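Trainee: I have a chain open in front of me, and I would like to learn how to read its features one by one. Could we go through them together, slowly?

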Amino acid sequence: MLRISYLVTMATMVVATTAAAGEITIGQKDKTFVMNGAKVETVTVKVGDTINFKNEDPWFHNIFSLSDLKTFDLGSYPQGQSKPVVFDKAGTAEVECAIHPTMMLKVEVK
């Protein structure tokens, strides 16, 4: 009986862990950040979530962040490619494009 209880507890933990981490796509379109086709300047995600940065423009983008929360540089990539970033701590990150300095996105991680 104890073993069944342990298995149920472990299965619940696996489901809870899986449900907690999400994945969203933020596109780069017309030199702006977009989500579901609309321009976005701030996005809120949960700790552990992944943002896929997808280039939807016919020119290259180079998405990066120098924020204390998350420092990354995805490098230059062409239209159609997507690169993921996992946000593993709570806080705020400012995300920019090295090629198009007017592109700014604030990621709030809760």
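**Reading the chain step by step**

Mentor: Let us begin with one residue, Asp30, whose place is in the loop between strand S1 (23–29) and S2. Please keep in mind throughout that this is a predicted model.

Trainee: What sign does the phi of Asp30 have?

Mentor: Asp30 is not a glycine, and yet its phi is positive, at about 55 degrees. Lys31, which is found in the loop between S1 and S2 as well, also has a positive phi although it is not a glycine, in this case about 60 degrees.

Trainee: Are these two residues buried or exposed?

Mentor: Such a label rests on relative accessible area, where buried means under 20%, exposed means over 50%, and partly exposed covers what lies in between. Asp30 has a relative accessibility of 54%, so it counts as exposed, whereas Lys31, at 39%, counts as partly exposed.

Trainee: Which ring does Lys31 lie over?

Mentor: Lys31 lies over the face of Trp59, at 5.2 Å from the ring centre. Both residues come up again if you look at His100, which touches Lys31, Trp59, Phe60 and His61 when residues up to four places away in sequence are not counted. His100 itself has its place in the loop between S9 and strand S10 (104–109), and it is buried, because its relative accessible area is 11%, which is under the 20% limit.

Trainee: Now I would like to step back. How many helices and strands does the chain have?

Mentor: The chain has one helix and 10 strands, and the order along the sequence is α-β-β-β-β-β-β-β-β-β-β, with the helix ahead of the strands. Of its 110 residues, 33% are buried.

Trainee: How should I think about contacts between residues that are separated in sequence?

Mentor: It helps to ask how far apart in sequence the two partners are. Among contacts in this chain between residues at least 6 apart in sequence, 60% join residues at least 24 apart.

Trainee: In what order do the strands of the open sheet follow one another?

Mentor: A sheet is read from strand to strand across it, and that order need not follow the numbering. Here five strands form an open sheet in the order S4-S10-S9-S6-S7, with mixed pairing. Strand S4 (42–45) and S7 are the edge strands, since each of them pairs on one side only, and from one strand to the next the twist averages 20 degrees.

Trainee: In which sense do S6 and S9 pair?

Mentor: Strand S6 (residues 61–66) and S9 pair in the antiparallel sense, over two bridges. If you want a residue to look at, take Phe64, whose bridge partner in S9 is Glu96.

Trainee: How many aromatic pairs are there?

Mentor: Two rings are counted as a pair if their centres lie within 6.5 Å, and planes over 60 degrees apart make the pair edge-to-face. The count here comes to three aromatic pairs. In one of them, Phe33 and Phe53 have ring centres 6.5 Å apart and planes at 75 degrees, so the pair is edge-to-face. Phe33 lies in strand S2 (residues 32–35) and Phe53 in strand S5 (residues 50–55), so this pair ties together parts that are 20 residues apart in sequence. Phe33 is buried, with a relative accessible area of 1%, and Phe53 is buried too, with a value of 0%.

Trainee: What kind of pair do Phe72 and Phe87 form?

Mentor: Phe72 and Phe87 are also edge-to-face, at 6.3 Å centre to centre and with 85 degrees between the planes. Phe72 lies in strand S7 (residues 71–77), while Phe87 lies in the loop between strand S8 (82–86) and strand S9 (91–97), so the pair ties together parts 15 residues apart in sequence. Phe72 and Phe87 are both buried, and ring pairs link Phe33, Phe53, Phe72 and Phe87 into a cluster.

Trainee: Which residues is Lys39 in contact with, leaving aside its neighbours within four places in sequence?

Mentor: Lys39, which is found in strand S3 (residues 38–39), is in contact with Thr32, Phe33 and Val34 once those neighbours are left aside. Lys39 has a relative accessibility of 58%, so it counts as exposed, although its contact Phe33 is buried.

Key: Residues numbered from 1 in each chain as written. Predicted model: local features only at pLDDT ≥ 70, side-chain atom pairs only at ≥ 80, totals over all residues. Heavy atoms only, no water. Helix = DSSP H or I, 4+ residues; strand = E, 2+ residues; numbered from the N terminus. Buried < 20%, exposed > 50% of the residue type's maximum accessible area, 1.4 Å probe, protein only. Contact = heavy atoms within 4.5 Å. Phe/Tyr/Trp six-rings, centres within 6.5 Å; stacked < 30°, edge-to-face > 60°. Lys NZ or Arg CZ within 6 Å of the ring centre and 35° of its normal. Pairing = 2+ DSSP bridges. Axes fitted to C-alpha atoms, helices over the stretch in contact; angles between N-to-C directions.
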